[in-house]
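Please open the model in your viewer and keep the selection panel within reach, since this tour moves from the whole chain to a few chosen places.

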Amino acid sequence: MADEKKLGFFEKYLTVWIFACIFIGIALGRIFPQIAGTLDSMQVYEVSIPIAICLFFMIYPIMVQIDFKQVVKAGKTPKPVLTTLIINWAIKPFTMLFFAWLFMANVFAPYLTELQISQYIAGMILLGVAPCTAMVLVWGYLAKGNQGHTLVMVAINSLAMLFLYAPLARLLLGISDIVVPWETILLSVSMYVGVPLVAGYFSRNYLMASKGKDWFENRFSPVMHNIAITALLVTLIALFSLQGDVILDMPLVIAMIAVPLLVQVFFIFFLGYGIAKVIGISYEDAAPTALIGASNHFEVAIAVAAMLFGINSGAALATVVGVLIEVPVMLGLVSICLRTKQMFK
């Protein structure tokens, strides 16, 4: 009940603000296409600078509140770490391939061309082999999970992507000459995780020493929480302003692509959550374990799809749909975590 009393108006109706920002973003992209064009042009190695800035202000307020002793402690508990690794790299890519094949090549096949089917499947595969390494910190934070475990897995997945993304994508796509944009992966991980991590670590130590723990927890942290949520909403407006035309011009195709992606997200989430419950992992570790598996690093997936198949390809479109469903769905999963927290006690 104490947690409920701390929920302010802004936080209590977060889902409403999320959908309002999605609508605003789509409307801005449609009414003022020059804004979307300008934002889209501000890239380095396919990494959007405006999105990176928004993500910094979303991730830094979370990083600065992490007690890094939790990170060391989380690294010494192998059960949740191994569970998360197995789900992300040994299960998730293959279930994504299966669901993509099931729906695109079978259920929706009568309504699609062979080229559309193959490219949509390819885009979904690129999403499936890219575990989230940035926004999952937001989901773990909102779910009141162990941020130490989340941060450890962000670090491990960031390194794993450098070595496993290309082989897995090559295996599942059947493309022998896949070109992996190493610069994109390195730059996105550095900007989305590395910079806010370093800034959070040093500023936390400084503020704790100069202002004290009471000031930090009761005055500074609430402000940082609101900044993180505000940055999330601004990020949504920016993302959806870039994709507004796609959503409005191809609603039926977007819906068809969304179905296997949604099935995959919920399947992996409940698989991870269920395994965590069965093997005795605490809620604080179970929530981020399930959420990390359910979310994707869509920035890298979009960049790889654009480089392999072209920015206007069906593969790139499938990765964009991953962006469209990510935030609303992940917020729903956070809600499920919070409502079922007592199951792990």
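The stops below go from the overall fold to one enclosed helix and then to a patch on the surface.

Begin with the whole protein, which is a predicted model, and colour it by secondary structure to bring out 16 helices and two strands. Buried residues account for 53% of the 345 residues, and, of the contacts between residues at least 6 apart in sequence, 87% join residues that are at least 24 apart. If you switch on the surface, about 15,300 Å² is exposed, with carbon and sulfur atoms supplying 69% of it.

Next, select residues 283–294, which form helix H14, a run of twelve residues that reaches 16 Å from its first C-alpha to its last, close to the 16 Å expected at 1.5 Å a residue. Is this helix enclosed or open? Eleven of the twelve residues of H14 are buried, so the helix is largely enclosed by the rest of the structure; among the buried ones are Tyr283, Asp285, Pro288, Leu291 and Ile292. To see what the buried residues of H14 pack against, add helices H7 (78–107), H9 (136–142), H10 (147–173), H13 (251–278) and H16 (314–339) to the selection.

Finally, turn to the surface and select Ile53, Phe57, Val223 and Ile227, which make a nonpolar patch of about 340 Å². Helix H5 (49–63) and helix H12 (213–249) each supply at least two residues of this patch. Val223, which lies in helix H12, counts as partly exposed because its relative accessibility is 45%, a value between the 20% and 50% cut-offs.

Definitions and conventions:
Residues numbered from 1 in each chain as written. Predicted model: local features only at pLDDT ≥ 70, side-chain atom pairs only at ≥ 80, totals over all residues. Heavy atoms only, no water. Helix = DSSP H or I, 4+ residues; strand = E, 2+ residues; numbered from the N terminus. Buried < 20%, exposed > 50% of the residue type's maximum accessible area, 1.4 Å probe, protein only. Contact = heavy atoms within 4.5 Å. Areas by Shrake-Rupley, 256 points an atom, 1.4 Å probe, with all protein chains shown as cover. Patch = residues over 30% accessible without salt bridge, like charges linked within 9 Å, V, L, I, M, F, W, Y side chains within 5 Å. Salt bridge = Lys/Arg side-chain N within 4 Å of Asp/Glu carboxyl O. Expected span 1.5 Å × (residues − 1).
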